[in-house]
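Student: Could you take a close look with me at a single part of this model, and show how the residues there sit against one another? I would enjoy one connected walk through the details.

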Amino acid sequence: MNIAFTSILLFIILAPGLLFRISYNSSKLSVRDPNRNLVNDLTWSILPSIILHTFSIFLVELFSTYFIDFKQLGNLLLGVTSSNKTEESFIQLRCFFYPIFFYNIIVFISSIVLGYLAMKLVRKLNWDRKYRFLRFSNKWHYIFTGECLDFPEIPDEFKEITDKYVNVLCKVNGKSVLYSGEFFNYYVDSKGDLEAVHLKLPERRYLENDAEDKKDYYKIPSKYLVIPNSDIININFKYMSSTEVTVIDLTEEEKHNLIEYPI
């Protein structure tokens, strides 16, 4: 038996698990692990594939007259060299080509749909915040949205955050500059590393003028500002909920922002 044919057959058998994983990790919550490769993905797809195929075979045998001939499947997978068995296996493949084809197409589509629904279910029930092994790979999503406050190891609580104020300390022309503004967006590269932070209604001041006096702040004549990660030293967040925001809780800078730029 040609080893290439056996490899293709193994790939088709493991494809549902692979498609399930790809669909589950298709949102911006997931970034590609640089250590991943096709062999790695197929290895992690074994268990999902077994589950999906087992359930699919159960439904096929329950609602139709077809059944899976595991003896013939084993002959094809093991590459049995006996001419009689090889010929018999391929004859059966030819006879049942269309049922096998449509079975796999339905299983593949179902795997994609189930992977997407599984991702939505995990997000809906907040399981990714509660259980580390279900957490998605884009760590910046949890930080910038404030969902990290719901992690069991963090003694805080995520609520309906409506306001996020960000202070970004940067090195510009050899000087330390503090940019402040409302968080608007963030960007990551294909490896999940932070590329840039996007602020709304930005202001800046030099860190050497480390004071609360408004005159030290320069209001940038732009509604939005993108700060590349290459310039960033550190980032400070203040998560706020509309039900909790009071003038007493705000710093002088945040009071100034609320007065000048009402939301």
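Tutor: Happily! Let me begin with a term we will need: two strands pair if DSSP finds at least two bridges between them. Please keep in mind that this is a predicted model. The chain has nine helices and six strands, and buried residues make up 36% of its 263 residues. Of the contacts with a separation of 6 or more, 60% are between residues 24 or more positions apart. The part I would pick is strand 1, with the strands and rings that we reach by starting from there.

Strand 1 covers residues 161-172 and is mostly covered, with nine of its twelve residues buried. On one hand, strand 1 and strand 2 run antiparallel and are joined by eight bridges. Within this pairing, Val166 stands opposite Gly181 of strand 2. Two residues lie between the strands of this hairpin, and Asn173 takes a positive phi there, near 50°. On the other hand, strand 1 is joined to strand 6 by nine bridges, again in the antiparallel sense. Here Cys170 has Ile232 of strand 6 as its bridge partner.

A good residue to zoom in on is Tyr179, which lies in strand 2. Is Tyr179 buried or exposed? The cut-off is 20% relative accessible area, and buried means under that value. Tyr179 has 14% relative accessibility, so the residue counts as buried. What surrounds Tyr179, once its neighbours within four places in sequence are left aside? Its contacts include Val166, Asn167, Val168, Cys170 and Val172, and also Leu199, Glu203, Arg204, Ile220, Leu225 and Ile227. Asn167 is twelve residues away from Tyr179 along the chain, yet their C-alpha atoms are separated by 5.6 Å.

Two of those contacts, Leu225 and Ile227, bring us to strand 5. In a regular strand the side chains alternate between the two faces of the sheet. Strand 5 (residues 224-228) has a covered face made of Leu225 and Ile227, while Tyr224, Val226 and Pro228 are on its uncovered face. Its antiparallel partner is strand 3 (residues 194-206), with five bridges between the two. In this pairing His198 is opposite Val226.

Past strand 5 comes Ser230, in the loop that leads to strand 6 (232-241). Ser230 has 68% relative accessibility and therefore counts as exposed. The C-alpha atoms of Ser230 and Lys171 are 9.0 Å apart, although 59 residues separate the two along the chain.

Now follow strand 2 (residues 175-188) to Tyr186, which brings in the aromatic rings. A pair of aromatic rings is described by the distance of the centres and the angle of the planes. Across the whole structure, a search finds 13 aromatic pairs. For Phe144 and Tyr186, the ring centres are 4.8 Å apart and the planes meet at 10°, so this pair is stacked. Since Phe144 belongs to helix 8 (residues 139-145) and Tyr186 to strand 2, the pair ties together parts that are 42 residues apart in sequence. Both Phe144 and Tyr186 are buried.

A second pair, Phe237 and Tyr239, has ring centres 5.8 Å apart and planes at 15°, so this one is stacked too. Tyr239 counts as partly exposed because its relative accessibility is 23%. Ring pairs link Phe144, Tyr186, Phe237 and Tyr239 with Trp140 and Phe183 into a cluster.

Tyr186 has another link worth a look, to Asn138. Where is Asn138? It lies in the loop between helix 7 (127-130) and helix 8. With a relative accessible area of 1%, Asn138 is buried. Leaving aside neighbours within four places in sequence, Asn138 is in contact with Tyr186 and Val188, and with Lys28, Leu29, Ser30 and Val31 as well.

Finally, two charges over rings round off the picture. Lys175 lies over the face of Tyr206, at 5.3 Å from the ring centre. Elsewhere, the charged end of Arg135 sits over the ring of Phe151, 3.6 Å from its centre.

Technical notes: Residues are numbered from 1 along each chain as its sequence is written. This is a predicted model: local features need pLDDT of at least 70, side-chain atom pairs count only at pLDDT 80 or more; totals for chains, interfaces and linings use all residues. Side-chain values use heavy atoms; hydrogens and water are left out. Helices (H or I, at least four residues) and strands (E, at least two) are DSSP runs, numbered from the N terminus. Buried means under 20% relative accessible area, exposed over 50%, partly exposed in between (1.4 Å probe, protein chains only). Contact means heavy atoms within 4.5 Å. Rings of Phe, Tyr and Trp (its six-membered ring) pair if their centres lie within 6.5 Å; planes under 30 degrees apart count as stacked, over 60 as edge-to-face and the rest as tilted. A charge sits over a ring if NZ of Lys or CZ of Arg is within 6 Å of the ring centre and within 35 degrees of the ring normal.
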